[in-house]
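This briefing introduces a structure to a reader who has not met it before. Please keep the sequence and the model in view while reading.

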There are 2 protein chains.
Amino acid sequence: MANETGDAQPAGTSAPPAKLPKGMVLGKDGKPCRACNEKATFSAWASQAKTLKAPLKAGAVPAAAAAAAGAVAMAPPPTDCPPDKDELGRSTWTLLHSIAATYPTAPTSNEQSEIKAFMGLFAKLYPCWFCADDFQRYMKKETVRAASRDEFGNWLCNAHNEVNKKLGKPIFDCAKWEERWRTGWKDGRCD
Amino acid sequence: MANETGDAQPAGTSAPPAKLPKGMVLGKDGKPCRACNEKATFSAWASQAKTLKAPLKAGAVPAAAAAAAGAVAMAPPPTDCPPDKDELGRSTWTLLHSIAATYPTAPTSNEQSEIKAFMGLFAKLYPCWFCADDFQRYMKKETVRAASRDEFGNWLCNAHNEVNKKLGKPIFDCAKWEERWRTGWKDGRCD
């Protein structure tokens, strides 16, 4: 089963397989996976797959070509679609850092066990499988530290920075994780 | 310790306590809690607390009054602030439904135990404490069903609808949970 490149076919069709866009990641089921790709990558594949499934009538303009020509450029993107990799990532960090923000300053040993178990299960269940694999590897190297809110918040911030590094995104100053995720910035712009 | 109404004081000040806006929910530490309130409720409290902390000089215009007068109405809201209750809710449902979307169609008994353990820990750790309490109560009444992707997706959809009902939001047709969260809509608008 190909995972990162190869050909794939939309479920339930007998159309010829669409060529996968460069860099497209397949799900563990061998099919293109929304949660593992950026929206643009998934859309490029989906519109090609549709074209192959329903060959054009003479004079018809394929949806992708119409979009490229600006015909539907003004339509706002729908807000009720499955998230792509980036939206899923943003949503997930929002939840995880907020959990850190309400984690006790002096947790019991039971509370420490619970947050560690939660993070372990989270790393297994995360919908983007290769992101989950990366996170599991990180957690083996840097085991969760959760003896206090500050310790867990910093551990999580460093884990997030590891992902930022991989994606070429800016590194966040972890000394400021509580301002970003708990108190709001000292300049008051979050109030 | 008051939880839903009462007076509260910003940390580290000796100002008189700010009157809490109607309906404001305090955190378990007795302080106003971003993850438990809408942004507008928190902001109303924060700007009042600031005014009490730094009494106005003659002629000065308080930030809240300036904002109300439209002086800063055009400034886009900052994107790097702790989420309020609604943003946290949206982010969390995005992660949970996406987990359902990649949950196996025929999970092993170990996979079923893991998703149940994850949901149990999630319900304890959710940053909005009264939302977490509600969710825990729901899970006691309607224990997690996860014998298949469809079963778990439907269980989660019903749990989400329970919250929608409480908030007066529209009820979602759970027969369509996979279109919303896994495949995208059949009309192709998500492709």
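How many residue pairs are in polar contact across the interface of chain A and chain B? In this predicted model, the rule finds 21 such pairs, with both residues at pLDDT 80 or more. The points below set out how the two chains meet, how chain A is divided, and what surrounds selected residues.

**The interface of chain A and chain B**

- Chain A gives 42 residues to the contact, and chain B gives 42 residues.
- About 3,600 Å² is buried between chain A and chain B, and carbon and sulfur atoms account for 62% of that area.
- On the side of chain A, L95(A), L125(A) and D191(A) contribute 17% of the area buried against chain B, more than any other three residues.
- Between the two chains there are 6 salt bridges.
- A salt bridge joins E114(A) to K124(B), with 2.6 Å between the closest N and O atoms.
- Four elements of chain A give two or more residues to the side that touches chain B: helix 1 (39-53), helix 3 (85-102), helix 4 (109-125) and helix 7 (177-183).
- Helix 3 of chain A provides the largest share of that side, with 9 residues.
- By residue class, the side of chain A that touches chain B consists of 20 nonpolar, 10 polar and 12 charged residues.

**Symmetry of the two copies**

- A turn of 180° with a shift of 0.0 Å along the axis lays chain A on chain B with an RMSD of 0.0 Å.
- The two copies are therefore related as by a two-fold rotation axis.
- Within chain A, S91(A) has the C-alpha nearest the axis, at 2.1 Å from it.
- The copies meet through the same surface, because 100% of the interface residues of chain A are also interface residues in chain B.

**The domains of chain A**

- The domain assignment of chain A gives domain 1 as residues 1-80 and domain 2 as residues 85-183.
- In the contact of these domains, 10 residues of domain 1 of chain A meet 8 residues of domain 2 of chain A.
- The two domains of chain A bury about 700 Å² between them, and 64% of this lies on carbon and sulfur atoms.
- K28(A), A35(A) and C36(A) lose the most area in domain 1 of chain A to domain 2 of chain A, together making up 57% of what that side buries.
- The rule finds 0 salt bridges across this domain interface of chain A, while 3 residue pairs are in polar contact there, both residues being at pLDDT 80 or more.
- The side of domain 1 of chain A that touches domain 2 of chain A comprises 4 nonpolar, 3 polar and 3 charged residues.

**Selected residues of chain A**

- Over all chains, a search of the whole structure finds 20 salt bridges.
- K166(A) and D134(A) form one salt bridge, their closest N and O atoms being 3.5 Å apart.
- K166(A) lies in helix 6 of chain A and D134(A) in helix 5 (residues 129-141) of chain A, so this pair ties together parts that are 32 residues apart in sequence.
- N154(A) is also part of helix 6 of chain A, which spans residues 149-167.
- Apart from neighbours within four places in sequence, N154(A) is in contact with C174(A) and W177(A).
- N154(A) and N110(A) are separated by 44 residues in sequence and by 20 Å in space, C-alpha to C-alpha.

Conventions. Residues are numbered from 1 along each chain as its sequence is written. Chains are lettered from A and ligands numbered from 1 in the order in which they are written. This is a predicted model: local features need pLDDT of at least 70, side-chain atom pairs count only at pLDDT 80 or more; totals for chains, interfaces and linings use all residues. Side-chain values use heavy atoms; hydrogens and water are left out. Copies are superposed by least squares on the C-alpha atoms of residues with pLDDT of at least 70 in both. Contact means heavy atoms within 4.5 Å. Domain bounds come from an automatic or database domain assignment. Buried area is the accessible area (1.4 Å probe) that two parts lose on being put together, summed over both. A salt bridge is a side-chain nitrogen of Lys or Arg within 4 Å of a carboxyl oxygen of Asp or Glu. A polar contact is a pair of N or O atoms within 3.5 Å; within protein, one must be able to donate a hydrogen and the other to accept it, and residues adjacent in sequence count only if both atoms are side-chain atoms. Ala, Val, Leu, Ile, Met, Phe, Trp, Tyr, Cys and Pro count as nonpolar, Asp, Glu, Lys and Arg as charged, and the others, Gly among them, as polar.
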